[in-house]
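Subject: Structure handover

Hello,

Here is the structure for your own work. Notes on what was found in it follow below.

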Amino acid sequence: MEEWVHQLENRVNTLKKLKEFINVTPDEEKAIKSLKTRWGTTPYFASLMDPNDPKCPIRMQVVPSIKELENKYGMKDYLVWKENREEDRPDSIARQYHDRIAFTIVDECASYCRHCFRKEVVTDRRLKLRFDVEEGLEWIREHKEIRDVLMTGGDPFILSDDKIKYLVDSLREIPHIEMIRFHTRIPVTLPHRITPGLTKVMKGHHRVPIWVVIQCNHPKEITERVSKAVYDLLSCGINVGNQGVLLKGINDDVKTFRELHQKLLSIRVRPYYIFYCEPAPGIDHFRTPVEKGAELIRDAIRGHTSGLAQPMYVIATNIGKIPLMPDYYILEKNEKEYKLRNYEGKETTIPNIPE
Ligand code: SF4
């Protein structure tokens, strides 16, 4: 049996198994027993948790919390609103833009994130969708304006090599498709999945390139094993980026935020987005004030480390992603000049050229 399948078959998803990895607190035990939610992770990812610290950043993302019962700010039917699911389209197609769509092909993951914005489908499972791949492919064939297909779920890399090959081959046969993206947390939570079998399906030069976007939220998640998985993806011609989520108590301090983005570059992953934690129900405890991400880019990244380490900070909404970047750079503008300020608070001027 391949190692990744073994990891999945031995998922840590019962209290008994969890107790083999950590000293479960009474609150964690209460949450596991009372919440009707899908939870669990791989033995590999579980082994990264601190057995004695309930505030361990990996543990907080994996072990259910009683705080998930609180919902002061989360929006009801969040996903229907966010993904415009009331419009007439197959369940597998989520659309906010003219030329690209999210193709939701599976509702399973290797590890269930407690902060998941798709939790209504993936962990709480109150929203039932039909993951009909054929229906989705047909819709994509008919919509010639779609040039970029983002495969998501759940986690698309949980599918077998054969299914992934079928999807990649089918999409590459559609003349108007120019790129395929996989959005997956599996290279982080189950790096064993990046096998020669999987890379064979995706490797090589082709008219339609494949991009893989991972979700890594804390430097502790970046291990030698993850580094090798990323290298194997890059070695077969796949670009790898990161979309992190800004999570309270996990990565919302200057030191962790900087280290996360520096460490991503050290394993050749380009930071792409950092998302504001979306107003899905039951995840209030992960959310910071909106300004926090922009402050972290100002105080931890911009000017403080390589520019390549800077993700774009965005909030995902029903009308697309809205950038929320720091706005302190232009101090003043008049007919003659711009007055600018840098990350250290120093000021300078450059001429204002009329159009
Ligand atoms: S891997 Fe993605 S879809 Fe799955 S639980 Fe985490 S955030 Fe949600």
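A definition comes before the rest: two strands are taken to pair if DSSP finds at least two bridges between them. Please also keep in mind that this is a predicted model.

Overall form

The chain has 14 helices and twelve strands. Its radius of gyration is 21 Å, close to the 20 Å that the globule rule gives for 355 residues, so the chain is as compact as a globular protein of that length. Along the principal axes, the C-alpha atoms fill a box of roughly 70 × 55 × 40 Å. Of the 355 residues, 38% count as buried.

The domain assignment splits the chain into domain 1, residues 66-324, and domain 2, residues 329-355. Taken over C-alpha atoms, the centres of domain 1 and domain 2 are separated by 36 Å.

The three-stranded sheet

Strands β10, β11 and β12 form an open sheet in that order, with antiparallel pairing. At its edges stand β10 (330-333) and β12 (347-351), each of which pairs on one side only. Ignoring direction, neighbouring strands of this sheet are turned by 20° against each other on average. Between β10 and β11 (residues 337-341) there are three bridges, and the two strands run antiparallel. K333 has its bridge partner in β11, namely Y338.

The nine-stranded sheet

The other sheet to look at is open too, and its nine strands follow the order β1-β2-β3-β4-β5-β6-β7-β8-β9 with mixed pairing. Its edges are β1 and β9 (320-323), each with a single partner strand, so one side of each is left without a neighbour in the sheet.

Strand β1 (residues 93-94) is joined to β2 by two bridges, and the two run antiparallel. The connection from β1 to β2 is a hairpin through five residues. A94 has A102 of β2 as its bridge partner.

On to β3 (residues 148-152): β2 pairs with this strand in the parallel sense, over five bridges. A102 appears again here, with L150 as its bridge partner in β3.

How enclosed is strand β2? Four of the five residues of β2 (residues 100-104) are buried, so the strand is largely enclosed by the rest of the structure. The cut-off used for a buried residue is 20 or more other C-beta atoms within 10 Å of its own.

The ligand shell

Which residues are around the ligand? They are C109, Y112, C113, C116, R118, V122, G153, G154, D155 and R185. By class, this shell divides into five nonpolar, two polar and three charged residues.

Two of the residues around the ligand, G153 and G154, are joined by a cis peptide bond, with omega near 20°. G154 lies in the loop between β3 and α9 (161-172).

Backbone outliers and one tryptophan

As background to the cis bond and to the two residues that follow, most residues other than glycine have a negative phi, and most peptide bonds are trans.

R125 has a positive phi, near 55°, in a residue other than glycine. R125 sits in the loop between α7 (119-122) and α8 (133-142). With 14 other C-beta atoms within 10 Å, R125 is partly exposed.

R268 is not a glycine either, and its phi is positive at about 75°. The loop that holds R268 runs between α13 (254-266) and β7 (270-275). R268 counts as partly exposed, because 13 C-beta neighbours lie inside 10 Å.

Is W39 buried or exposed? W39 counts as buried, because 21 C-beta neighbours lie inside 10 Å. Its place is the loop between α3 (26-34) and α4 (43-46). From C-alpha to C-alpha, W39 and L296 are 30 Å apart in space, and they are 257 residues apart in sequence.

To recap the points on the backbone: the bond from G153 to G154 is cis, and phi is positive at R125 and at R268.

Regards

How values were computed:
Residues numbered from 1 in each chain as written. Predicted model: local features only at pLDDT ≥ 70, side-chain atom pairs only at ≥ 80, totals over all residues. Buried ≥ 20, exposed ≤ 12 C-beta atoms within 10 Å, placed from the backbone. Axes fitted to C-alpha atoms, helices over the stretch in contact; angles between N-to-C directions. Domains from an automatic or database assignment. Near = placed C-beta within 6 Å. Nonpolar A, V, L, I, M, F, W, Y, C, P; charged D, E, K, R; others polar. Rg over C-alpha atoms; globule rule 2.2 N^0.38 Å.
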